[in-house]
Every structure is written in C-alpha cells, then in structure tokens.
Amino acid sequence: MEDDKARLLLDRHWAASNANDYEEEHHIYMKDAVLEYPQSGERIRGQQNIQSSRAAQPNRKQFMVRRIFGSGDLWVTEYVLTYDERPSYTVSIMEFIGEKVARETQYFSDPFEPGPSRAQWVERISKL
C-alpha cells in the first residue's frame with residue numbers, strides 16, 4: 001500500500017477512536033483481523049469481536065497521537081490513551097494486507113517517576 005494512503009487511513013482511525021465512533025474506528029480492520037494485548041495475554045479474532053470488545057469498555061477514553069511512522073504494510077503509532085483521566089503510554093503495531101489491518105499488537109505502559117541515578121544526563125519533557 002502507498003504510504004500516503006496508509007497514513008490517511010491511520011489518521012481517520014485514530015480520530016474516530018478519540019471520538020468514540022466505533023463504526024468508523026473499525027473500518028480499518030479486515031473481517032478476520034487479529035488484535036493482541038501481550039501484557040494481558042489476550043487475543044481477539046475478527047473485526048466484529050474487536051469492535052464489540054472496545055464498545056463494551058465502561059471507561060471514557062481519549063487518544064492523543066504522539067507520532068505515526070512506518071512504510072508499506074507495517075505501521076507504528078505512539079499515543080497516550082487516557083481512561084478516566086489516567087494516562088497510559090501506548091504503542092500500536094499494525095500490519096496491513098492491502099488497505100486493511102490484518103494484525104494489530106498493542107503495548108501499554110503507565111507513567112513513572114524518573115530515576116535519580118540518571119538525573120545528571122536527563123532533560124525533562126512533558127509527560128503528555
């Protein structure tokens with residue numbers, strides 16, 4: 001797939017995710033797509049199951065994309081996913097076949113305080 005087209009699809013996906021537009025958010029997936037959350041040991045098979053699992057979450061979510069990069073069939077999005085005002089730094093790895101996502105893997109990390117042992121080499125940045 002052309003990189004410009006992939007980027008457009010991803011921009012639409014994350015905007016729909018942030019707007020809680022579950023229909024638009026899930027147009028990007030193949031009918032038999034697979035979503036994995038390695039940290040919780042979960043695998044969800046099928047576009048409809050992915051959409052249903054996300055729609056069933058009771059928390060109010062918000063997405064802030066930090067950057068999207070990739071080429072061809074492999075794309076990575078770094079973003080902050082906030083559930084009920086609690087941020088989680090997230091990486092989404094999407095593998096495309098044609099213009100649809102066949103597989104996505106997501107990794108989540110909670111914010112943490114900086115370690116004092118490296119303070120002399122650190123430049124502080126905004127957490128969000």
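**Aromatic pairs and the nonpolar core**

Four aromatic pairs are counted in the protein. The model analysed here is predicted. A pair of aromatic rings is described by the distance of the centres and the angle of the planes. For Y37 and F108, the ring centres lie 5.7 Å apart and the planes meet at 45°, so this pair is classed as tilted, falling between the limits of 30 and 60 degrees. Distant parts of the chain are linked by this pair, since Y37 belongs to strand 1 (residues 29–37) and F108 to strand 6 (residues 100–109), 71 residues apart. The two partners fall into separate accessibility classes: Y37 has a relative accessibility of 12% and counts as buried, whereas F108, at 27%, counts as partly exposed.

The rings of F63 and Y79 form another tilted pair, with centres 5.3 Å apart and planes at 35°. This pair likewise links distant parts of the chain, with F63 placed in strand 3 (residues 61–71) and Y79 in strand 4 (residues 74–83), at a separation of 16 residues. Both F63 and Y79 are buried. Ring pairs further join F63 and Y79 with W14 into a cluster.

W14 also appears in the description of the largest nonpolar core. This core comprises 19 residues, and L10, W14, I28, Y29, M94 and F96 are those with the most contacts inside it. At least two core residues are supplied by each of helix 1 (3–18), strand 1, strand 3, strand 4 and strand 5 (86–97).

The surroundings of I28 and Y29 were examined individually. I28 is located in the loop between helix 2 (22–25) and strand 1. Its relative accessible area is 5%, so I28 is buried, the limit being under 20%. With residues up to four places away in sequence left out, I28 touches L9, L10, H13, M94, F96, E99, K100 and V101. For one of these partners, L9, the C-alpha to C-alpha distance from I28 is 6.9 Å, at a sequence separation of 19 residues. Under the same exclusion of sequence neighbours, Y29 touches H13, Q47, I50, R54, M94, K100, V101 and E104. H13, M94, K100 and V101 are thus among the residues touched by both I28 and Y29.

H13 itself lies in helix 1. A relative accessibility of 2% places H13 in the buried class. Apart from neighbours within four places in sequence, H13 is in contact with E25, I28, Y29, R54 and M94.

With regard to the overall fold, the secondary structure consists of three helices and six strands, arranged along the sequence in the pattern α-α-β-β-α-β-β-β-β. The C-alpha trace spans about 50 × 35 × 25 Å along its principal axes. Of the 128 residues, 35% count as buried. Among contacts with a separation of 6 or more, 43% are accounted for by residues 24 or more positions apart.

The surface was also characterised. The exposed area of the protein is about 8,000 Å², of which carbon and sulfur atoms supply 51%. The charged side chains number 17 positive and 21 negative, and the centres of these two sets lie 3 Å apart.

Key. Residues numbered from 1 in each chain as written. Predicted model: local features only at pLDDT ≥ 70, side-chain atom pairs only at ≥ 80, totals over all residues. Heavy atoms only, no water. Helix = DSSP H or I, 4+ residues; strand = E, 2+ residues; numbered from the N terminus. Buried < 20%, exposed > 50% of the residue type's maximum accessible area, 1.4 Å probe, protein only. Contact = heavy atoms within 4.5 Å. Areas by Shrake-Rupley, 256 points an atom, 1.4 Å probe, with all protein chains shown as cover. Lys, Arg positive; Asp, Glu negative; His and termini not counted. Charge placed at Lys NZ, Arg CZ, Asp CG, Glu CD. Phe/Tyr/Trp six-rings, centres within 6.5 Å; stacked < 30°, edge-to-face > 60°. Core = buried A, V, L, I, M, F, W, Y, C linked by side-chain atoms within 4.5 Å.
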